[in-house]
Amino acid sequence: MNKRTVVLAQSLFVLALFAVPSFAQDEEALKKDLTAVIALQGLPCGEVVAVEEQAETDYAVSCKDGNMYRVYLNAAGRVVVEKRK
């Protein structure tokens, strides 16, 4: 993945974290942003259907296609997407 894609993914992730609309709108926006972040990492998902906040900037994500990921910001401020079992 090139540097530009990483920066875009990080920007989308950070924007999703600080959005302040209503809870339902916020959750739907977060799902869309996380779907984009996962796609930018080149991983299969299709669409995020469920998100569980594990900590600030750390999410457990379930995709429509059955894949599950952990999406978080590491100590260096980079977006990390890890496959979950």
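These legends walk through several close-up views of a predicted model.

**View 1. The four-stranded sheet.**
Let's start with the sheet, which is open and has four strands in the order β1-β2-β3-β4, with antiparallel pairing. Its edges are formed by β1 and β4, each of which pairs on one side only. From one strand to the next, the twist averages 25°. If sheets are new to you, a general point may help: strands of a sheet pair through backbone hydrogen bonds, and they can do so in a parallel or an antiparallel way.

**View 2. From β1 across to β2.**
Here we look at the pairing of β1 with β2, two antiparallel strands joined by six bridges. A handy pair to find is Val51 and Val61, since Val61 in β2 is the bridge partner of Val51. Keep Val61 in mind, as this residue is also among those with the most contacts inside the largest nonpolar core.

**View 3. The hairpin of β2 and β3.**
Moving along, β2 and β3 run antiparallel and are joined by five bridges. Val61 appears again, this time with Tyr69 of β3 as its bridge partner. Between the two strands of this hairpin there are four residues. Look for Gly66 in the hairpin, where this glycine takes a positive phi near 95°.

**View 4. A salt bridge between β2 and β3.**
Stay with these strands to find Arg70 and Asp58, which form a salt bridge with their closest N and O atoms 2.8 Å apart. Arg70 belongs to strand β3 and Asp58 to strand β2, so this pair ties together parts that are twelve residues apart in sequence. How exposed or buried is each partner? Arg70 counts as partly exposed at 27% relative accessibility, while Asp58 is buried, with a relative accessible area of 11%.

**View 5. The hairpin of β3 and β4.**
The next hairpin brings us to β3 and β4, antiparallel strands with five bridges between them. Arg70, which we met in its salt bridge with Asp58, has Glu82 in β4 as its bridge partner. This hairpin has five residues between its strands. Gly77 is the residue to look for here, taking a positive phi near 85°.

**View 6. The largest nonpolar core.**
Now let's turn to the largest nonpolar core, a group of 13 residues. Which residues have the most contacts inside this core? They are Leu34, Ile38, Val61, Tyr69, Val71 and Val81. At least two core residues come from each of α2 (23–40), β2 (58–63), β3 (68–73) and β4 (79–83). Of these contributors, α2 gives the most, with four residues. Two of the highly connected residues, Val61 and Tyr69, are the bridge partners from the view of β2 and β3.

**View 7. The disulfide.**
How many disulfides does a search of the whole structure find? The search finds one, formed by Cys45 and Cys63, whose sulfur atoms are 2.1 Å apart. This pair links distant parts of the chain, with Cys45 in the loop between α2 and β1 (48–55) and Cys63 in strand β2, 18 residues apart. The link of Cys45 and Cys63 is left-handed, with -100° about the S-S bond. Cys45 counts as buried at 5% relative accessibility, and Cys63 is also buried, with a relative accessible area of 5%. As a reminder for newcomers, a disulfide is a covalent bond between the sulfur atoms of two cysteines.

**View 8. A salt-bridge network on helix α2.**
Our last stop is a network of salt bridges that links Glu27, Glu28 and Lys31. Lys31 and Glu27 meet through their side chains at 3.9 Å, N to O. Both lie in helix α2, four residues apart, about one turn of the helix. Glu28 also forms a salt bridge with Lys31, at 3.4 Å, N to O. Those two residues are three apart in α2, again about one turn of the helix. Which of the three residues are buried and which are partly exposed? Lys31 is buried, with a relative accessible area of 13%. Glu27 counts as partly exposed at 26% relative accessibility, and Glu28 is partly exposed too, with a relative accessible area of 42%. Across the whole structure, a search finds five salt bridges, including the pair of Arg70 and Asp58.

Terms used: Residues numbered from 1 in each chain as written. Predicted model: local features only at pLDDT ≥ 70, side-chain atom pairs only at ≥ 80, totals over all residues. Heavy atoms only, no water. Core = buried A, V, L, I, M, F, W, Y, C linked by side-chain atoms within 4.5 Å. Buried < 20%, exposed > 50% of the residue type's maximum accessible area, 1.4 Å probe, protein only. Disulfide = S-S within 2.5 Å. Salt bridge = Lys/Arg side-chain N within 4 Å of Asp/Glu carboxyl O. Pairing = 2+ DSSP bridges. Axes fitted to C-alpha atoms, helices over the stretch in contact; angles between N-to-C directions.
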